[in-house]
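Q: I'm new to this structure and would like a close look at one part of it. Could you walk me through a single strand and then show me what surrounds it?

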Amino acid sequence: MQAVIKKKAKELLECGTVDRVLGWKAGEFFYDLTPAVFTTPEEIDKDFVFSVFSGANMSKYLIEETKKEGKVAAFIKPCDSYSLVQLQKEHRIKRENCYIVGIACDGMCDMGLVREAGIKGATAVSEKDDKLVLETIYGEKEMPKEKALLERCVHCKSKKVVDFDEMIGENGEENPDCGRFDEVERLEAMTPDERFAFWRSQLSRCIRCNACRNVCPACSCEKCVFDNPDSGIAQKAAASDFEENNFHIIRAYHVAGRCTDCGECSRVCPQNIPLHLLNRKFIKDMNELYGFYQAGADFETKPPIMNYTTNDAEPSVVYQRGGSK
Amino acid sequence: MQRIGVFVCWCGSNIAATVDVQAVADALAKEPGVVFATNYQYMCSQTGQDMIQEKIKELGLTGVVICSCSPRMHEATFRRTCEKAGLNPYMVEIANIREQVSWVHKDKAVGTEKAIILGRAAIAKVQLNTPLIAGESPVTKRALVIGGGIAGIQTALDIADAGFPVDIVETKPTIGGKMAQLDKTFPTLDCAACILTPKMVDAGQNDNIRILSYSEVEEVKGFVGNFEVKIRRKARYVKEDLCTGCGLCMEKCPQKKVPNEFNMGLDNRTAIYIPFAQAVPKVATIDANYCLMLKNGKCGLCSRNCTAGAIDYKQQDEFIEEKYGAIVVATGFNPISLDKFDEFAYSKSPDVVSSLEFERLMNAAGPTGGTLLRPSDRTHPHTIVFVQCVGSRCDASAEKGKEYCSKICCMYTAKHAMLTREKYPDTEVYVFYIDVRTPGKSFDEFYRRAVEQYNVHYIKGMVGKVVPEGGKLKVQASDLLDNRQIHIDADMVVLAAAIEPDKSARPLATKLTASMDTNDFFTEAHPKLRPVESPTAGVFLSGTCQGPKDIPETVAQAGAAASKVIGLLVKDKLIGNPCVAKPNELMCNGCSSCEKVCPYGAITYEDKPFRGPNRTTLIRRVACVNPAVCQGCGACTVACPSGAMDLQGFSNRQIMAEVDAICK
Amino acid sequence: MKTEDMIKEITRISGGNPAKCMKCGKCSGACPAYDEMDYHPHQFVNMVLDGRIEELANSKGIINCLSCFACLERCPRSVEPARIIEAVRVVTLREQGKNHLKPDGIPAILDDDLPQQAITSALRKYAK
Amino acid sequence: MQVKENFTPTIVAFCCNWCSYAGADLSGNNRLEYPANVKIIRIPCSCRLNPMFILRAFQRGADGVILCGCHPGDCHYTTGNYYARRRMTLLFSMLDYLGIEKERTRVEWVSAAEGAKFAQTMNEFVEAVTALGENKRLEDLRCKQ
């Protein structure tokens, strides 16, 4: 896959289709791949990396990149493509300034899970059939890829790239039965006290590093309310229990209806807080109460939170449904 | 820091009996920013108002808090008071200590404490108030009426009578609309043409009315008082100013096989035509789809015979642009297509007709000259079956039909049945109904006459199927009251088709940013209290574009819409409510969230230059609120993810300051 | 089963909602088997709503309904009486020992006009 | 849950200007009592209520927050309460999901003619919140005196 992508990237630069290519390069380690902009075929030869750790959602970077002169190519995985469409819906990405190469994806991996599987000292990764092959300082080790998949890939909602100029690999299908709401349901079935305890144990770990916000394609405001002293809720630190709750409730609310469930928030959280469970709660509620909606699946449909019908459920429905008392 | 004056009103004993007004004034005097606090028996009295004005001038107050009755009572009074003393009226806040304190709490200590807290909240809000100045915009003293049926004509006449110029845009070659096609009108049975055509002539001759027939609205820009509308004048290939309407061209035209839409396709007309004798403007129009000259370049008979030299085969669509202060929508209705109702054999037999077709068959100017004849063999029908509610009152999930009651069918069916029986007493008339709905002046009496005097057979039940067989229509129906199935060999079946808004309404609504319901009827600004206004300021609704209506209701609504338009046009300028939404462009993402929830279409987007890093200029899409259109509901402020949109007078910080003061 | 449960069960099986009926009678107007039925399609809807299931269960109507779906097709309110009649039939037949059709009995009721499909569906519906 | 003796909850009621605020005025006109710990904040429309305001109220020590607006279909601005209805439904559901007592938040539609309903609603709501006791799960200790 990497070879095909690199070839395509170079080709696009060489034939002048684009002036820049948005891709991944190795960070400090082989597994912390970071988004990077390449301008020459040589740079691509040297630094461009695509592997099972290319989880980063490229769509958000297109906001800034498409503001610049010239055209930029981006490699977009299925889940990234939903954000790409959503951001176009919000007029944030200039589509005419980018060239989208859709790439088929069968899941990205989590280095934490590799380590949990007992593989230490890894220095490189490759794929063989459905296995991950890791070169380590203790020799070559193998593990099944499915054991190392990111949570969002285990419950992958769609393997379909919804907007692209060309595809590498075969485009996949949506998977409505991905079970991504199972965990939300499990929480809903708890008592309020249990849920409160669960979320305190999670959110109290928050260090307000803002990684979730900075990586989120929906959190691409010119100025975030939490950074704006005039908003009345600006706060830089998780100074109290309330702030922890407040930040994550407001953040989830602000992206409700626009969140495509790309799962980047949970992937980048250094404290491993399952933030996607907050977003998925909103998605699940909206699906159940207002009909199925997938942000970024098309260019037209209004998000449920910016829409209404005259016979919507009353807020008191919350007292009746979900969670026991 | 503001310099705030607090004025606590006793309201006689209304407040003072359960609130210690002195204690309230004393406590509030200690609040930050408060430079003066007092109490007085009646703040709204002249003496009270004088005191407020005096203190504003004496102490240079920048904000005023009045602890008194509900702001719904005297907010406007106190704002005017302060304005007269040179203080911006929006620097006044009211703490409601009568309706919310003294009248609902009996314990004086409790009441006093709550009054102090409400006072604090008002002070906290005033701290953040900014002077607001209401915007002004001029009013173009000209109205546009879209649609030239009875609704549009009546609205235009009323506006014109008040002295304002009006344009009627009508897509057909003549005004008149559906009413022109009707034979008689219920419940008085006046001839429709006799009461409509004088109005059409009035409209045509009124100096203040310009009729733009055979024209369509192409584009609408602007807002209340200042609309700019582009109108397409479709090429009719006849010079309107030269045509005398003599009709010679119609006699000469060799293409005589064009379905005549005025007669519902029941007969034919020529390619050059005047829809009916009393058309206004009485000008011929060439139907480009059928004209031999326009299609093949061979003919030219009409041009050769026109003594006025009015024919112009080279005419093109023209566009005119005009400014208007107000727009009235009067796009009307159409019967629904009956193609999907195959059980009634509408598409199989010419003798199954819609009610509007039946009107033409009964009309003296219709295809049969007013003699009721079956379309198939032009014989007199002896048994006629009327079916009501065809396509009305259907379930939303049913694939065909409309959910609503079309309102007019019960009455016109009674009319048809009655007229048939009167003219042709040898004809048996059956009406199959689900309910007979006759709420209206003299309506039920009319229906009862059909039953009692004219012996029309009203049968509770529906027709299940109609099968054409041997020149007859075999009607199978249920009689629910007799609990039996009945079979009738009918000569004609008349279907009371549901009515639906004209197809042009939906695209027009988009152009006007006016809202519609799921059935494509225009929504009114308030279902009870503002029934002739659209939520979009400056756009008014007349007639069936808003919902099913009969003629008296349509005319009443047309007049009401006209009076609203006149009320707008007499103003030289519009003074807005300054408590409107305002975006902070530096924070706006241009994401369109606000636009999606705005019920008034007040939000548009502009690409604006901003200073970027290193002396660069960035072009960004940002929201702009038109303060003349915004009504200040605040829906956008919550939809905005970045908090760029705020509502003046009820800003995020003001409301949070109130929350803080209350929860302290 | 209690009457309320029966109503619920019939509504569930039919997938329709008898409460939506506006009593227009178009179903009975369309019914080709009207004269063969003691209770007519519109009555089925109303009687289910009223809980008169027992009477329906013992009626000729459930057997004589042709399942031609004319009423379902014509119903303007999506009440779809054919489905409700079918549901009453199903609920009735699901009770043991209420089989109305046995293979041995078929030759007696056969006539030349009866389509093959009708025999097959009749056997499916009336015998368990 | 332990209820402190003489606990009087702090209740913030957001009322839309056109219906519910007038409804509250009417309960005043009719001298219909409701507890004094209910404090009303006037907003133009129920759709002006930002979820941030509700969280802010809890942070600053409110024990219950209620939103009153025009009945669906009667909104002065035609559609405002429809948006408010969806927003509040989702927010309340989220609060419940985080284990925060759902009885602390409520939406009621109160028309300008429903003075009695306003007073009754407030009485019931205060009773429900009193039974819950102090707001502990969304409090901010920095804001406590």
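A: Here is a walk through strand 3 of chain B, followed by a look at how the chains meet. Please keep in mind that this is a predicted model. Its scores are ipTM 0.80 and pTM 0.75.

Let's start with the strand itself. Strand 3 of chain B covers residues 63–68, and six of its six residues are buried, so the strand is largely enclosed by the rest of the structure. In a regular strand, side chains alternate between the two faces of the sheet. Here both faces are covered. On one side sit B:Gly63, B:Val65 and B:Cys67, and on the other B:Val64, B:Ile66 and B:Ser68, all of them buried.

Now for the neighbours of this strand. Strand 1 of chain B, residues 4–9, runs parallel to strand 3 of chain B, and five bridges join the two. One place to look is B:Phe7, whose bridge partner in strand 3 of chain B is B:Ile66. Strand 4 of chain B, residues 92–96, is also joined to strand 3 of chain B by five bridges, and these two strands run parallel. B:Ile66 appears here again, standing opposite B:Ile94 in strand 4 of chain B. If you would like one residue to keep your eye on, B:Ile66 is a handy choice: it is the bridge partner of B:Phe7, and it stands opposite B:Ile94.

How does the chain get from strand 3 to strand 4? Follow helix 3 of chain B, residues 71–84: together with strand 3 and strand 4 of chain B, this helix makes a right-handed β-α-β unit.

Helix 3 of chain B also leads us outward, to chain D. In the contact between these chains, 38 residues of chain B meet 37 residues of chain D. On the side of chain B, the elements giving two or more residues are helix 3, helix 4 (98–102), helix 5 (108–128), helix 17 (635–639) and helix 18 (652–663). Helix 18 of chain B gives the most, with eight residues. Sorted by class, this side of chain B has 21 nonpolar, ten polar and seven charged residues. Four pairs of chains touch, and the pair with the most contacts is chains B and D. As for confidence, chain D has a mean pLDDT of 91, with 96% of its residues at 70 or more.

Chain D has another partner to visit, chain A. Their contact takes 35 residues from chain A and 32 residues from chain D. Helix 7 (182–188), helix 8 (192–203), helix 10 (241–255), helix 12 (276–290) and helix 13 (317–320) of chain A each give two or more residues to it. The most come from helix 10 of chain A, with seven residues. By class, the side of chain A that touches chain D has 22 nonpolar, six polar and seven charged residues.

Finally, a word on chains that do not meet. Chain C and chain D do not touch, and their nearest C-alpha atoms are 22 Å apart. No contact joins chain A and chain C either, with their closest C-alpha atoms 16 Å apart. Chain C itself is divided into domain 1 (3–95) and domain 2 (100–128), and the centres of these two domains, taken over C-alpha atoms, are separated by 21 Å.

Definitions and conventions: Residues are numbered from 1 along each chain as its sequence is written. Chains are lettered from A and ligands numbered from 1 in the order in which they are written. This is a predicted model: local features need pLDDT of at least 70, side-chain atom pairs count only at pLDDT 80 or more; totals for chains, interfaces and linings use all residues. A residue is buried if 20 or more other C-beta atoms lie within 10 Å of its own, exposed if 12 or fewer, and partly exposed in between; C-beta atoms are placed from the backbone. Helices (H or I, at least four residues) and strands (E, at least two) are DSSP runs, numbered from the N terminus. Two strands pair if DSSP finds at least two bridges between them. A crossover is right-handed if, with the strands pointing away from the viewer, the path from the first strand over the helix to the second runs clockwise. Two residues are in contact if their C-beta atoms, placed from the backbone, lie within 7 Å. Ala, Val, Leu, Ile, Met, Phe, Trp, Tyr, Cys and Pro count as nonpolar, Asp, Glu, Lys and Arg as charged, and the others, Gly among them, as polar. Domain bounds come from an automatic or database domain assignment. pLDDT is the predictor's confidence in each residue, from 0 to 100.
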